[in-house]
Amino acid sequence: MIKRTLIALAIVSATAHANEGMWMPQQLPEIAAELKATGLELNPSDLTKLTEFPMGAIVSLGGCSASFVSPQGLVATNHHCVYNSIAHNSTPENDLLANGFLASTIHDELPAAPGSRIYVTKEVTQVTEQIIDSDTAQLDGKARLDAIEANQKRLVAECEADAGHRCRVAGYYGSLEYFLIKQLEIKDVRLVHAPAEGVGKFGGDTDNWMWPRHTGDYSFLRAYVTPEGESAEYHEDNVPYAPDFHLELASSPLNEGDFVMALGYPGSTNRHRLPSEVESTFEWSYPKTVENFTTQLAIIDSVTATNKDAELKYASRVAGLNNYLKNRQGMLDSYGEGEMLERKRAEHAALTDWVMSSESNREAYADDLEAIESLLAESQAQSRADYYLNNASPRLLGVARALYRLAEEQQKPDSDRDLGYQERDLPRFEAFLRGMERNFDVEVEKALDFHNLSAYANLPEAERNADFDQQMGISNNMSDADIRNLIDSWYANTTLLDLEARLELLKQSPAQMADTDDAFVRAAVGLYAFDREREAEREERGGKIQQAYASYMRAKIAYMNSQGEAVYPDANSTLRVTFGTVEGRGHGTYDGTAWTAFTTLRGITEKATGEGEFNAPANQLAAIAAKDYGDYYVESLDSVPVNFLATLDITGGNSGSAVLNSKGEFVGLAFDGTLDSIISDWDFNLDNTRSIQVDWRFMLWQMKHVDKADNLLKELGVE
C-alpha cells in the first residue's frame, strides 16, 4: 500500500466532479462515495492494489493500454495500437492490413514489430524525498535538473538490478511529487489476431472522432517469456506468459445507465496549464501542427500512390498523422467557438488573488507565480524561432545525431550517461534501426525533405542557423534544383539505408564516426557541439521552470482545496482510473439530433460502400444480412451492439484501455472520443465529453460468426 502523501491530501475533504478525473488508483478511497453513487460494486480500496485484481491485469504497450484476458498471456487492445505490427508483417503479396490475420495455433503467431513491448506493473513506490533531497532543493537551473536526473538514474539502476524489469520515475503535479514504477518488460510480443481493416478501421478518417461509430477497433497480442518465466527477446523456445491476473468477460448484459470504468495509461493532459500556455498552444503551436501534418500527408500520398510497398511502409505513420491532425483541428474549432482562454484567465486571476490575500501565501508562492510566466515566455519564443530549423532536419540526420550522441555517451561510466543513452536503452536503439526496414522509403523522405528544406532555405540568412547551414550545405538564394541536387547528394553518400551499416554504428566510437564520408553522420558530428550548447540552454531554463511549476501547483492544490474542489494530477502515461456511465447525449453538435448510447450492425450495412474507408468484408455483410446474431443479439436493439458511448474521461494513451462494469468484468475497449469534446484535454466539459468503446459483444460476434476464431473464443472461455 502506498503511504498517504500530498497527492492523497490533495483531495481530502474535497468533492469530485461527477465523471471527471483521471485518478491515480491510490486516490480512489478518497472518492469512494462518488464511485459507489455511480454504481461501483467493488470496494474502492481494492482498486489501489496495483499488483492484485483487477489492476494486475492492466498493462501498457508503451503508448497504448491493454489487458490480459486469459491465463495464457493473451492481451486485448485496439486494432490501431497494433497497426504498426500488422503493417510490419504485411507485403504486397500478403496484405494483412487489408485481409486481417488469425493464428490458428500459437505456433502460427507472428513476431510483432521490432521494439514492441508489454509492461506489467510489479511495484509503485513514493520517492519524492529521494528525488528532491535536501541538497537538490537548494539548487536551480541546470544544476537542479542534473541533480534530479542523477537521483532518478540511481533509483532506476537499483530497481533494474532485478533483471527483466523496466523502471521509471514519474513526476506528478508539475513534478511536485515523484513515484518509482517497476514493470516487468516483456520483450517477446506476438500478433495473434487482427480483423480485416474494413472492420478494425471501418470508417477510417471520415468517422474518426465522430458519432455514430461502427468500428471494430480491437486486436489480440500474446506475451511470451522463457520456459523459466523470464523476460527475453523472441525465441522459438519461449512460452506464453502466465499472468497473475486476467480479466473475465462480463456475465451480464451492458445497458444504458450502467457503471463503467476505464483502466489504462493516458498519455498527457493539460488541465493545470497557465493561461499563457493555453494562448500560445491554440494560437500558434496547434495551427502550425495542422499546417505541417496536412502537408506531410499530401506528400506521402502523392509519392506512395503508385508504390504499394511504400504505402504499406507508411501506413502506420499516415494513420497516426491523420489521427493527430483531426484531433488538433477539432481542438482548434472548439477553442474558436468557446471561451476557454477567458475562463482560464479568470481562474488564474482568482488563484493570484488568493496568493496575494495573506502574507504567508505571498511569501510561499508569489515570486514563483511571477517567475513561471517569464520563463514560459522565453521557452515559447525559442520554440517559434527554431520552428523551421527543427523541421528542416532530415529523418536520417536525426538518426545520425542520436547514434553519435550515443557514441559520445558510451565513453562515460553508465551511471554518468544522460537518460536515454544508457546500456538499458541499447535494445530500443537496435529495435528502432531494425524497424526502419519496413517504415522508411527514400523517395518519400526526399519529398518531405525538399518541402521542409525549401521553407527553411528561403528564410533570410539572419533567421537561419549558421552551424546547420555549414554542415548541411545550405547557402543563400538556392533554387529548387539546387535544393533537390543537395538532397540527392546526401542520400547518394550515406550508408544509413543499409541495416547492417546502421547496426554497425551502434558499436563505433566517436573517433570512428568522425572519420566517415557519410553525409548524415558527418553532419551529426559537426553539429554535436551546437546541439549540446542548445540543450544546456534548455536545461538551464527547464530547471528553473521545474522549480517554479512545482510551487505553482502547490499553490493551486491549496487554493482548490480551500474551495472544496478535488485535484487530480494531469495524465503522464501512468496507470489511471476514470469512471462514469454508459450514456448517450441529448444533443448532437453536428446534426442537432440526440446520440443514442449504442450503435448496431445495421449501421455497418448502411455505411458500407464496398470500397475505401467503408469497405466492410463481404463475409461480415453476409452474416449481418442473414441475421446470424447467435448469442449476441440484444432484443432492445434488435441487433448486435457495435460501439457504445460513456462519460469516461480519457485521452491519447487510453487507447486499448479495458472498460469494466461495476463488478470488474470486461465489457469493451476504449478507443476514441468525440470531436467536439477532445478539447477536454485542456478544459473538461461534462455535458459534451463522451468516450467511444467497442462493445465486447461485437468483438465476440465478429470472431465467432465472421472470422471463425474458435480457438481464441475457447481461450476466452466462450463455448
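Is W23 buried or exposed? It counts as buried, because its relative accessibility is 0%. Keep in mind that this is a predicted model. Here are my notes.

1. W23 has an aromatic partner: W23 and Y568 make an edge-to-face pair, with 5.3 Å between centres and 65 degrees between planes. Y568 counts as buried too, because its relative accessibility is 8%. The two sit in distant parts of the chain, 545 residues apart. W23 lies in the loop between helix 1 (6-9) and helix 2 (32-38), while Y568 is in the loop between helix 22 (519-562) and strand 13 (576-581).

2. Now look at Y456 and F468. Their ring centres are 5.4 Å apart and the planes stand at 85 degrees, so this pair is edge-to-face. Y456 belongs to helix 17 (residues 442-457) and F468 to helix 18 (residues 466-472), with the two residues twelve apart. Both Y456 and F468 are buried.

3. On aromatics in general, the structure has 22 aromatic pairs. There's also a cluster worth pulling up on screen, made of F282, Y286, Y335 and W682.

4. Next, the helix packing. Helix 9 (residues 275-304) and helix 13 (residues 359-385) have axes that come within 10 Å and cross at roughly 15 degrees. The two helices are therefore roughly parallel, and the crossing is right-handed.

5. As for who touches whom, helix 9 brings S276, E277, S280 and W284, and helix 13 answers with E373, L376, Q380, S383 and R384. That contact is a mix of two nonpolar, four polar and three charged residues.

Note on methods:
Residues numbered from 1 in each chain as written. Predicted model: local features only at pLDDT ≥ 70, side-chain atom pairs only at ≥ 80, totals over all residues. Heavy atoms only, no water. Axes fitted to C-alpha atoms, helices over the stretch in contact; angles between N-to-C directions. Helix = DSSP H or I, 4+ residues; strand = E, 2+ residues; numbered from the N terminus. Parallel < 35°, antiparallel > 145°, perpendicular 65-115°, else oblique. Left-handed = near helix turned anticlockwise from the far one by under 90°. Contact = heavy atoms within 4.5 Å. Nonpolar A, V, L, I, M, F, W, Y, C, P; charged D, E, K, R; others polar. Phe/Tyr/Trp six-rings, centres within 6.5 Å; stacked < 30°, edge-to-face > 60°. Buried < 20%, exposed > 50% of the residue type's maximum accessible area, 1.4 Å probe, protein only.
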